[in-house]
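Please open the model in a viewer and follow the selections below in order. Each stop names what to select and then describes what is found there.

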Amino acid sequence: MTTNGLRKYHAAVWDEPLVMEMGAPGRRGQLFPVDEPDLDAVTGDTSDLIPESLRRGRPADLPELSEPEVLRHYLHLSQEVLGMMGISLFGTCTMKYNPRVTEALTRQPFVAETHPDQDVETLQGTLEVIHGLDRMLRDLTGMDQFVFQPGGGADAAFLHATVTRAYHEARGDLAQRREIITTAQAHPCNPATAAAAGFDVITLPLEEEGYASVEALRAAASERTAALMVNNPDDIGIYNPHIKEWVDIVHSVGGLCFYDTANFNGVMGRIRARELGFDACMMMLHKTFGAPKAGGGPAVGAYGCSEVLAPYLTAPVVVKGDDGAFAIKIPEHAGSTQVREYLGNIPVIVKAYSWLRALGAAGVKEAADLSLLANNYMETRLLRIPGVSKGLPHLDEYRMEMTRYSLGELTEETGVTTVDVANRMVDYGVDAFWMSHEPWFIPEPFTPEAGEMWSVEDLDYWIDVIAAICEEARTDPELVKTAPHNQPIHRVVGSGLDDPDRWATTWRAYRRKNGLEG
Amino acid sequence: MANSTEETKKHMLNAIGAATVDDLFEQIPDEHITTRRFELPEPLDSEVELKRHMTSVLGKNEHCEDNLSFLGGGTWQHHVPAICDEIWTRSEFLTSVWGTGSSDLGRNQAWFEFASQLGELVGMEFVGLPVYSWGAAVGHSMRMAARMTGRDRILVPALMDPQRLDVARTYAGYPEQEGHIEIAYVGYDPATGRLDLAGLGSRLDKGVAAVYFENPGYLGVIEDQAAEIARMARAAGAETIVGVDPTSLGVIVPPSDYGADIAVGTTQPLGVHMNGGGGVGGFIATRDEERYAREYPTLQVSLTDTTHEGERAFGLALFQQSSYGSREDGKDWTGNSVYLWAIANAAYMSVLGPAGFEELGGAILRRSHYAARRLAGVPGVSLRWPTGFFKEFVVGFDDTGVPVAEINRRLRDHGIFGGRDLSSDFPDLGQSALYCVTEVHSRADIDRLTAALEEVTR
């Protein structure tokens, strides 16, 4: 223990070279059959099987390593990732335990070694899981159809934007309905996918009550409105109580309403998107439903919609026949709403299905209960730390499953910023917090999300770390500003990342730009 | 759930000063709370029950290890070296999200090694983190080309994977909208399966932003007119986008060698299991020029510096142009993708090395050509294009008088998954199937297929 009662932690430091700098000429890590005289007798010389102009003469400049070297290299790199080895309360991402039983199951050949084009008779297990998850998500949201093709939450938002496009195109008024309305608190993927799908974006600003006003929405909604895309609750922990009225306003002008249910953890088991009037929603199976974050996928943004929108899905859907057998139905509508190949990330779907089967309805509601309990417990303790304040402090109701805080007062007093604090946290074996998506309307923000998994002792430790760093900011601000000190490398400066003469996304580019060739 | 004991709940509620957990939900208006009860199945509380249930359901699947499979066409069965699984399943990689550049050092380095090694295979110096799929890579790259050239038409081969094409069409939008991209098709030479150059020439005009083709093509054909296609595109002021299968790049020249401006393709064959189609991933790579770099929609990991001289670190290059940085003003959008697979890919490429890729390509060539010749000897069975292919080839069954669907049904009785049925997607090819043969198929496997086909086509 350190003097402030926190763990004496230090990250593994391997000073690991790049894999491209390792090995020796001629060294091998994986062999393939070469000497196959009985095949050669039939096919002739292998090189003759490639047209001469396209034969690769110069081998790719890849490293030459033995298998144990490769294994140890990547094990070293894995040890230089803190993540959930410590306590990660990364807000907006709902960090949960990823049950190892489904990790093990999805590595079995009955998942891993299946091909998506196998006859459906040979994929009945996978289809049963997809069908079962579809039904359970319908129950949780009130929607009429789920598809799992989108490869993440943003891809599901894109799918919604394309469904919106197909819907209005079929009604002949796509040229007129050019606008998608969102809010400043909505995740950036909503405006970004709307724009990529060809829409103009109207972003409603945050107002006094913690969300955009009904009046602002009414002023923005018109015969040009194609859809509304919003989160609720938002990432600050605020629930918009007027959301039904919002939906009515958008529907009254002929627009569709999409519920970005990224923050489902606090409302699951209590509200249903469809009952609030939404036409579609998405569920992130890689956060709310216990599948791993995996550093950013493979993920699934499960997309659910009403029966009115279902015909615009071109993703395959799984149906159950009268004989109990499952089949894949390719919708007949020719709208362009296919966002990815195949049925979706099957292992992630299996994990989410398993998570729901393990919890049941009562377990899901309890997870939401514990999320709010943990968040508000944290809030009580965090707000006692001098320098920490609540984002939008005049809104004093209990926040949902996460709260956005501000370190603005600490910064004013000590010069230590939220980025400094994030870099110091990792010295205590606690990975950095999430600050805020763009735009930042709370100064020096940070957004922890406790979820249902972390124990109260973990939460206490996390809070103790923040308290200790705020104390350090006063007694030894340089210590915080120069953090981290217990990590494999010091603070990343990132100079040159936007400079064409200096950025290097490959080792070859780096060598060329730094004169290291040859 | 650690805090679910009554004592802990009471402790936390006391700290908050709330009487009940329900009080914490005060923000949600009563009329929003559902009154209809949830009907999820009863919970399987114990791991032993859960595992039994999951195994009984998933056990209904058949798979490509207890059957002999010749399915490819977008997801391919390759050998996944055991250490790839050992590496990506490490909890540190599996469960992490985003920390700081220091606490994420190992993962960022692994991603950089993914990009660097992939760049060596395709001959490109600028590589983004992976996108959702090959189709998504085509979609984004054609949008990049449209923005770069200010043009709005993309030429693609008529012989393209229908699903990949559907995804590209989704990225292209509708004609009523600004920014819409028109996708136009270039036919093929029926004798060779290669792109029809005359047709390409007649469609190349000042409206064409890019020519997209694949090498090998969707039906396995190696496009040996690649340099000429790129030359024609360049002459018309269009970009050349080439889709490649990285497992071919130990034996086939990288796309940069014949004039590709943007290389895209799949990452699944690089150490990722098929996962029922959930193994797919895509990549985008170009020359390291601002013209291209400033149009990337992805995140890019770059080498950079720390506060200590000479210390190596990684950061995100050109972050501001992503949707995280600029919302709707960013380039397309990004989000969670398949970044864990990038680590499996990095391990795969480094364990193979240059000689491994060469051997892999050679084994695939020999085995697929051996298979093609054996199948061609089955009465009534013909090869659409008997030479000039890699890994996949089109087998015609017209003269057997048995439809592909029926042949594949009968093959299943032999424990064989026949090649993908092309008859509905490409009716011009008649009763044809796309057969995929890789390094996992032994001579005995191929002989077994041949014997089975002789029986089921009789």
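**Chain A as a whole**

Begin by selecting chain A of this predicted model. Among its contacts between residues at least 6 apart in sequence, 74% join residues at least 24 apart. Of the 518 residues in chain A, 61% are buried. A cartoon representation of the chain displays 15 helices and 12 strands. The radius of gyration of chain A is 26 Å, close to the 24 Å that the globule rule gives for 518 residues, so the chain is as compact as a globular protein of that length. Along the principal axes, the C-alpha atoms of chain A occupy a box of roughly 80 × 65 × 45 Å.

**The contact between chains A and B**

Next, display both chains and select the residues at their contact: 184 residues come from chain A and 176 residues from chain B. On the side of chain A that touches chain B, helix H10 (residues 346–382) of chain A provides the largest share, with 22 residues. Colouring that side of chain A by residue class gives 98 nonpolar, 49 polar and 37 charged residues.

**The domains of chain B**

Now hide chain A and colour chain B by domain: domain 1 covers 2–58, domain 2 covers 68–78 + 354–456, and domain 3 covers 82–348. The centres of domain 2 and domain 3 of chain B, taken over C-alpha atoms, are 28 Å apart. Where these two domains of chain B meet, 24 residues of domain 2 are in contact with 26 residues of domain 3. On the domain 2 side, the elements that give two or more residues are helix H12 (339–376) and strand E12 (392–396) of chain B. H12(B) supplies the largest share of that side, seven residues. The domain 2 side divides into 11 nonpolar, eight polar and five charged residues.

**The sheet in chain B**

Select the seven strands of chain B that form an open sheet with mixed pairing, in the order E2-E8-E7-E6-E5-E3-E4. Its edge strands are E2 (126–127) and E4 (182–186) of chain B, each of which pairs on one side only. Strand E3 (residues 153–157) of chain B pairs with E4(B) in the parallel sense over five bridges. To inspect a bridge, select B:Val156, whose partner in E4(B) is B:Tyr185.

Finally, add two helices that pack on this sheet. Helix H5 (residues 105–122) of chain B touches E2, E6 (239–244), E7 (262–266) and E8 (282–286) of chain B, and its direction makes about 70 degrees with that of E8(B). Helix H6 (residues 134–149) of chain B touches E3, E5 (208–215), E6, E7 and E8 of chain B, and its direction makes about 165 degrees with that of E7(B).

Notes: Residues numbered from 1 in each chain as written. Chains lettered and ligands numbered in written order. Predicted model: local features only at pLDDT ≥ 70, side-chain atom pairs only at ≥ 80, totals over all residues. Contact = placed C-beta atoms within 7 Å. Helix = DSSP H or I, 4+ residues; strand = E, 2+ residues; numbered from the N terminus. Nonpolar A, V, L, I, M, F, W, Y, C, P; charged D, E, K, R; others polar. Domains from an automatic or database assignment. Rg over C-alpha atoms; globule rule 2.2 N^0.38 Å. Buried ≥ 20, exposed ≤ 12 C-beta atoms within 10 Å, placed from the backbone. Pairing = 2+ DSSP bridges. Axes fitted to C-alpha atoms, helices over the stretch in contact; angles between N-to-C directions.
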